[in-house]
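Here are some short exercises to work through with the model open beside you. Try each task before you read its solution.

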Amino acid sequence: PRHLCHEDFQTQSADWILLATTEKKQRTEVKLSMLSEKEQAAFQQAKDAEISNWLKTGTVSRILRDKLAPEQILRCRWILVWKPLDGGDHHDTNAPKLSTHKPKARLVVLGYMDPKLTKVPRDSPTLGRQSKMIILQLIASMGWSLGSFVIKAAFLQGGPQGDRVIGLEPVAEL
């Protein structure tokens, strides 16, 4: 809680624990075996949509396994979470999950297994606070309007890294 200053927190006994907010708890991974058939079907549709994005963007293509060295073939796995719907009542625990949340499926490559991990550029430039304030001041001074948008499947939009080829151990859906 904000009312505890840093010094007070350090002097507390070992009986204290930290509690994640309900928003964070809602984004924990989902186990398919714990879901109803209807919820499992909804997650299957979310998986299908993710696979469709991978195929539409040309992120993956077929290659024979023996054309790559075994260390170039990385595993991948599904991350399944419930995403709260806009404007829904997310605190009603009696409501069916599908009425307040949307199933979200992301296929992720286990990049930590990449043998060339240290040579891959991993920077992700972000706008600093001061730069953001300067831009907001410029927008206000010029009387411009500010908007935002989402780039669908943004992480699948990147370009190739030279002649680097990575294979994926395909999930069943691929």
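Let us warm up with one residue: arginine 106 is partly exposed, with a relative accessible area of 35%. The scale behind that word calls a residue buried under 20% relative accessible area, exposed over 50%, and partly exposed in between (1.4 Å probe, protein chains only). This is a predicted model, in which local features need pLDDT of at least 70 and side-chain atom pairs count only at pLDDT 80 or more, while totals for chains, interfaces and linings use all residues. Residues are numbered from 1 along each chain as its sequence is written, and side-chain values use heavy atoms, with hydrogens and water left out.

**Exercise 1. Find the salt-bridge partner of arginine 106 and say which elements the pair ties together.**

Step 1. A salt bridge needs a side-chain nitrogen of Lys or Arg within 4 Å of a carboxyl oxygen of Asp or Glu. Arginine 106 meets the side chain of glutamate 50 this way, at 2.7 Å from N to O.

Step 2. Glutamate 50 sits in helix 3 and arginine 106 in strand 3, so the bridge ties together parts that are 56 residues apart in sequence. Helices (H or I, at least four residues) and strands (E, at least two) are DSSP runs, numbered from the N terminus.

Step 3. Glutamate 50 has 5% relative accessibility and therefore counts as buried.

**Exercise 2. How many salt bridges does the whole structure hold, and which residue pairs with lysine 47?**

Step 1. A search of the whole structure gives four salt bridges.

Step 2. Lysine 47 bridges to glutamate 173, with the closest N and O atoms 3.3 Å apart. This pair links distant parts of the chain, 126 residues apart: lysine 47 is in helix 3, and glutamate 173 is in the segment after strand 4 (167-168).

Step 3. Lysine 47 is buried, at 7% relative accessible area, whereas glutamate 173 counts as partly exposed at 26%.

Step 4. Another of the bridges joins glutamate 169 and arginine 65 at 2.8 Å, N to O. Here glutamate 169 is in the segment after strand 4 and arginine 65 in the loop between helix 3 and strand 1, 104 residues apart.

**Exercise 3. Describe the geometry of the aromatic pair.**

Step 1. Rings of Phe, Tyr and Trp (its six-membered ring) pair if their centres lie within 6.5 Å; planes under 30 degrees apart are stacked, over 60 edge-to-face, and the rest tilted.

Step 2. The structure has one such pair. Phenylalanine 43 and tryptophan 82 are edge-to-face, 4.8 Å centre to centre, with 70° between the planes.

Step 3. Phenylalanine 43 belongs to helix 3 and tryptophan 82 to strand 2 (residues 76-84), so the pair connects parts 39 residues apart in sequence. Both phenylalanine 43 and tryptophan 82 are buried.

**Exercise 4. Which elements give two or more residues to the largest nonpolar core?**

Step 1. A nonpolar core is a set of buried Ala, Val, Leu, Ile, Met, Phe, Trp, Tyr and Cys residues joined through side-chain atoms within 4.5 Å. The largest has 14 residues, and those with the most contacts inside it include Phe43, Trp78 and Leu107.

Step 2. The elements are helix 3, strand 2 and strand 3 (101-109).

Step 3. Now look around tryptophan 78, taking contact as heavy atoms within 4.5 Å. Leaving out residues up to four places away in sequence, tryptophan 78 touches several residues, among them Lys47, Glu50, Arg106 and Glu173.
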